[in-house]
Amino acid sequence: MTGPALVPVDTSTHRHIDLSIDLAVDDAVGGGVSSGEHSPTRPAVSALRRARSRFLSGRPLPEDVPDEIAAAWRRARFFGVAHDLVPAGPRQPVPSPHLLRVARPVLERLAPVLASAGRPAMLLLTDERLRVLWSAGDLPGDVPACRDLSEREVGHNSAALALRTRSRAEAHGPEHFLDLWQDVSAVSVPVPAPDGERVLGTVTVVSGLCAGCAPHPCAALAEATAAAVEAELRLRERERNGPAERVLLDAYQRAAARPGAAVAAFDGRNRLLNEAAEAMLSPRAVETLERDAAASGADASDTGADADGARADADGADASGTGTDGTGTGATGASDTGTGDTGTGGTGTGDTGTGDTGAGGTGAGGTGAGGTGAGDAGTFPSGSYDLRLPDGAGTARLTPVRHRGAVVGVVAVLGRAHSPGPSAGRAVRTPAASAVNLAGRSVPWLLASARAAELTRAGGPLLLTGERGTGKTSLARELLTAREDTDLLVVDAARNSGDALTAWAGAPADDRVLLLRHAERLAQSDVAVLNSLLGARPDAPLLVTYTPGAVPGPCLRRLLDMLAARSVTLPALRERPDDIKDLLARLAPRPAPGEPPLTWTLDALRALEQYPWPGNVTELAHLVGALARQRRAAGPVRRAELPDPVREGSGVRRMSAMESAERTAILEALRRHGGNKARAAASLGIARATLYRKLRGYRA
């Protein structure tokens with residue numbers, strides 16, 4: 001068996017969280033943080049007060065004012081924030097915020113620490129829109145509490161900075177824009193979602209002015225609070241996903257219990273193979289199974305198993321109602337109903353359905369993927385299909401495993417098409433293709449295109465990001481082609497098409513989908529138009545392509561943050577070299593009548609797969625086009641005909657698929673945590689020394 005095991009959740013994690021909180025709080029209250037090595041150098045408070053006074057009076061700023069502070073003041077003026085504004089008091093609470101339910105026990109435990117510190121201080125929790133969800137304590141100098149910390153409402157503050165940078169941030173005295181906050185200091189830490197893709201909110205500690213000591217004396221307390229909330233969120237997520245993983249594990253174990261059965265299971269994160277499957281499957285066959293499982297899971301999640309009844313979220317626990325899936329009725333217990341093959345002894349957590357043969361089994365609370373036992377002829381529920389595998393591995397019977405109406409994984413039994421039983425006469429399916437009509441069958445491409453197709457079908461805006469030449473515009477056009485009733489408007493920011501953008505945004509009745517290319521080149525005025533539009537119409541029919549490069553300005557950063565929850569990053573071509581063969585066939589021009597198509601020798605194909613392709617698919621398309629136009633030799637293209645950089649290679653060992661996936665995960669963790677290696681290593685479950693060693697290896 002390979003890959004991490006699927007195991008039940010260990011609720012003793014609560015004890016480890018409590019211990020971590022106690023240690024961090026001791027450090028915070030006891031002055032354990034006294035070094036300012038991680039804080040930027042700030043000018044003297046008096047000098048910054050004079051600079052702020054000059055800014056408010058319209059005079060030029062001194063040269064010693066940090067650029068980020070000057071930019072923050074300018075943003076506040078751009079948003080129309082008055083420096084003498086008195087923020088509104090607490091608003092009505094946001095209805096049933098999951099973040100608040102999870103965080104409240106942690107916050108209520110840590111709040112008394114501030115009261116015992118001997119000086120006024122306040123602890124705040126905000127959501128991802130910087131609305132204050134919870135607060136405790138008192139601000140110094142009877143400063144009124146604030147209900148919204150977004151820069152549009154109150155100007156620069158530590159919570160807005162932490163949300164934008166995804167890392168700990170501080171703001172002291174005159175760095176704030178409001179007059180009321182000139183004598184307070186604040187430190188904020190973002191709280192990431194369990195998947196790490198977005199920030200759910202921030203934890204902020206506000207105290208009297210303490211600009212002379214860096215970092216903020218309560219920085220450790222803010223870090224500990226945010227870390228404890230993040231740990232609770234992850235624990236709730238594991239508790240919610242634990243039963244699903246148990247369902248898949250039970251299905252795998254039941255299938256593998258048959259003598260001589262070669263069985264594998266996949267859920268997108270874990271891979272389980274018994275010894276018989278390891279002996280039969282080549283690496284290509286395993287990749288084919290993973291790729292098809294990913295595509296099938298996306299399709300099934302979109303089109304099937306949505307018959308679950310209403311789902312209520314009470315205190316963070318999902319309680320699913322009664323639903324049906326196919327035919328059959330549930331056995332004993334409060335459980336969902338679904339089709340499942342059961343035999344004697346077929347028990348487990350998961351869905352329980354009518355069996356094909358034998359006595360039906362019972363499950364505790366949910367339904368499973370069927371059981372095995374005496375007289376079991378089918379083992380799997382309806383929806384199974386056969387898949388032809390490469391390298392002579394034969395065929396595999398793939399069965400989606402459902403839990404609470406959603407596909408949680410796939411169980412594959414090898415050689416099922418050759419055995420008697422229900423599979424006889426069943427059509428054998430070819431490996432899965434992409435969710436869109438574009439070349440590519442690699443796992444990274446299938447997952448990205450399937451996610452983009454899912455978001456497009458759901459409606460609303462979509463952000464496609466990736467390196468230049470990765471096919472963002474091609475994918476966008478392909479996604480929108482499926483919407484036959486859609487009238488498409490294409491605007492290219494690189495060609496200064498601001499008038500068309502403004503006209504589209506200013507016509508609420510215009511239901512045309514806007515495809516905005518090269519968002520990184522938008523003028524600031526056009527970005528402001530889009531920000532205002534999405535603020536008023538969050539479901540605007542907008543598809544944006546963005547190529548990361550220079551650090552985005554504040555307005556563009558806000559636009560990207562608004563679209564972050566509906567964004568898909570396309571993999572670079574070097575991350576999916578297995579797609580090059582398919583791309584060559586798609587990119588080659590159609591031959592003239594009587595001429596053979598462009599083909600490639602194995603040596604040439606190997607060179608193309610090993611080249612890093614800094615220009616991605618666009619660079620490959622130019623190479624194929626140039627060879628097709630200029631080539632005079634007959635037969636397949638040989639390695640010697642390729643350009644020198646491609647023919648000679650980069651001279652660097654090509655990473656394996658596992659190393660590439662590992663590198664991608666590490667870089668994504670670093671991005672999520674703002675470059676903080678300690679937090680990135682903790683989120684990945686590895687030691688910080690291991691992270692440093694792997695990063696050195698990637699540089700080599």
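Trainee: Why is the crossing of α2 and α3 called right-handed?

Mentor: In this predicted model, α2 passes α3 in a right-handed crossing, because the near helix is turned clockwise from the far one by less than a right angle, whereas anticlockwise would be left-handed. Helices α2 (residues 45-56) and α3 (residues 67-78) pack at about 35°, with axes 12 Å apart. Helices are DSSP runs of H or I with at least four residues, and strands are runs of E with at least two, numbered from the N terminus. Axes are lines fitted to C-alpha atoms over the stretch in contact, and angles run from 0 to 180 degrees between N-to-C directions.

Trainee: Which residues of α2 and α3 make the contact?

Mentor: L48, A51, R52, F55 and L56 of α2 meet I69, W73, R74 and R77 of α3, contact meaning heavy atoms within 4.5 Å. By class, six are nonpolar, none polar and three charged; Leu, Ala, Phe, Ile and Trp are among those counted as nonpolar, and Arg counts as charged.

Trainee: What makes β1 and β2 a pair?

Mentor: Pairing requires at least two DSSP bridges; five join β1 (residues 121-127) to β2 (residues 132-137), so the antiparallel strands pair. L124 stands opposite S135 in β2.

Trainee: How far may the model be trusted over residues 300-382?

Mentor: There pLDDT, the predictor's confidence from 0 to 100, stays under 50. Where pLDDT is low, the predicted coordinates should not be read in detail. Local features need pLDDT of at least 70, side-chain atom pairs 80 or more, while totals for chains, interfaces and linings use all residues. Residues are numbered from 1 along each chain as its sequence is written, and side-chain values use heavy atoms, without hydrogens and water.
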